[in-house]
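Here's a quick tour for anyone meeting this structure for the first time. Have a look at the picture, then read on.

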Amino acid sequence: MKTKLLIITLLLLSLVLSGCSQKNVEIDTEQLLEELQEQLPFADQLSPIKENMIYHLYPIDSKNVMSITVLTSSGATAEEIAIIQTSDVEEAKKAIDQRIETKRNDFANYLPKEVEKLKDPVIVTKGNYVILCISDDSEKARTIIEKY
Amino acid sequence: MTNHKTIYTKKRRLKKSVIIISGIVLLTIATYSTISLSSSILAWNDKKTPPKDIPNKDIPNDVVEQPTPNDQWNDPVTDDYFKDALFIGDSRTQGFIIYTGLETNAYVSTGLTVDTALTKDIGFDQYGHATTLEEGLKQNQYQKIYIMLGINELGWIYPDIFIEHYQTLIETIQSLEPQADIYVQSILPVTQEKSNNSIYNNDKINTYNDLIKKMATSLNITYLNVREIMENENHVLPEEATSDGIHLTQSYCQKWLEYLKTHTLKEK
């Protein structure tokens, strides 16, 4: 009985401590951006936008943000990549949802084929990072992001 | 019997040892992870600095070309000049605002046309304004207003209808913003390939621009021929300027901004 109790306690302790370590995620943003742009079939060349403009497009309190990078299309497509490191993951996810909704409205009557990309945008949360990738290959995007 | 008891005791001891060793190993792994977590929390607190910029070739230095001396234009202005400006346009202007990061005001929307510009609900307005242009004009005062429309109207059959709507739009803007300098910009060309294969036709763009120029004169507003800084020797958009023949790359949006900075009206 004592032995079983000992096993269970040790297992539980290990699980709890290991779970805490999942929040300790450091993502090499540059490397991830490079890999996504190289591996995914983007139709447009994505360019980074200035931080002040990012906060116009993504309604996030800058005080919560440790780092934020957004690469976007020229307007020819709905393609976009956003990598947000934040202390408020829920706020970032909500901002991303809003950005996607804006893009859906923008492209619905303008370039309906781009709306396809917005049906399954890749949104991944890893630790205190929230990552968005809108492209023609959501499956591959997800696979790449999950590696980080 | 004694042997069985000895073997049984040994087995029990062995079992206990295995359990204890396994537990120590698991604990060690878990503890290592925790130590790493603590280190990163301290490192993150130390690193709470502005995020690094991702270098990009498409963001050139803020170089402003010196214009030819001209009685009409001021010396080149800085980005601050546009803080009390308003930009009205379609997806090309939207791309311009996003790619330059200009701190300004904008009513921009994909698919915007001269007949919908005043009343189209542009939805979530990231610039903190009302969601239609008309509401925005009633609520705010701007010192300069830049307009570029027409690319989405190239499929209209009658150019006269296009320019009638454009004139109505500008007259409304003038009545709501009498203090503003209004700049109507030439429609930027498209690439030769785009022009050959779609309704986005450079000949039609040229026709519309002639009408826009005449309208500007009749309404006493300024016609800005922005296309002259974009087009190549054949008066079309170069292939390097765009990925789809229409929308501009970041570096060409910067060229657009440079043109505006060097073409601001002197006070009369």
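## The sheet in chain A

First, a bit of vocabulary: two strands count as paired if DSSP finds at least two bridges between them. Keep in mind, too, that this is a predicted model.

With that in hand, chain A has an open sheet of five strands, in the order β1-β2-β3-β5-β4, and the pairing is antiparallel. At the edges sit β1 (47–48) and β4 (122–126) of chain A, each of which pairs on one side only.

So what does β4(A) pair with? That would be strand β5 (residues 129–134) of chain A, which runs antiparallel to β4(A) and is joined to it by five bridges. To pick out one spot, A:Val122 has A:Cys133 in β5(A) as its bridge partner.

## The nonpolar cores

The largest nonpolar core has 54 residues. The ones with the most contacts inside this core are A:Tyr58 from chain A, along with B:Phe82, B:Phe87, B:Phe96, B:Tyr146, B:Trp256 and B:Leu260 from chain B.

Take B:Phe96: leaving aside its neighbours within four places in sequence, this residue touches B:Phe87, B:Leu102, B:Cys253, B:Trp256, B:Leu257 and B:Leu260. There's also a second, separate core of 36 residues, including B:Leu118, B:Ile163, B:Tyr208 and B:Ala216.

## A cavity in chain B

How many cavities of 30 Å³ or more does the structure hold? Just one, and the largest cavity has a volume of about 40 Å³.

Its lining includes B:Ile88, B:Tyr107, B:Leu112, B:Lys120 and B:Thr132. Sorted by type, the lining residues come to seven nonpolar, one polar and one charged.

Notes
Residues numbered from 1 in each chain as written. Chains lettered and ligands numbered in written order. Predicted model: local features only at pLDDT ≥ 70, side-chain atom pairs only at ≥ 80, totals over all residues. Heavy atoms only, no water. 1 Å grid on protein atoms, 1.4 Å probe; cavity = no way out; pocket = protein on both sides within 12 Å on 5 of 7 lines; lining within 4 Å. Points joined across faces, edges and corners; volume = space filled by probe spheres on them. Nonpolar A, V, L, I, M, F, W, Y, C, P; charged D, E, K, R; others polar. Core = buried A, V, L, I, M, F, W, Y, C linked by side-chain atoms within 4.5 Å. Buried < 20%, exposed > 50% of the residue type's maximum accessible area, 1.4 Å probe, protein only. Contact = heavy atoms within 4.5 Å. Helix = DSSP H or I, 4+ residues; strand = E, 2+ residues; numbered from the N terminus.
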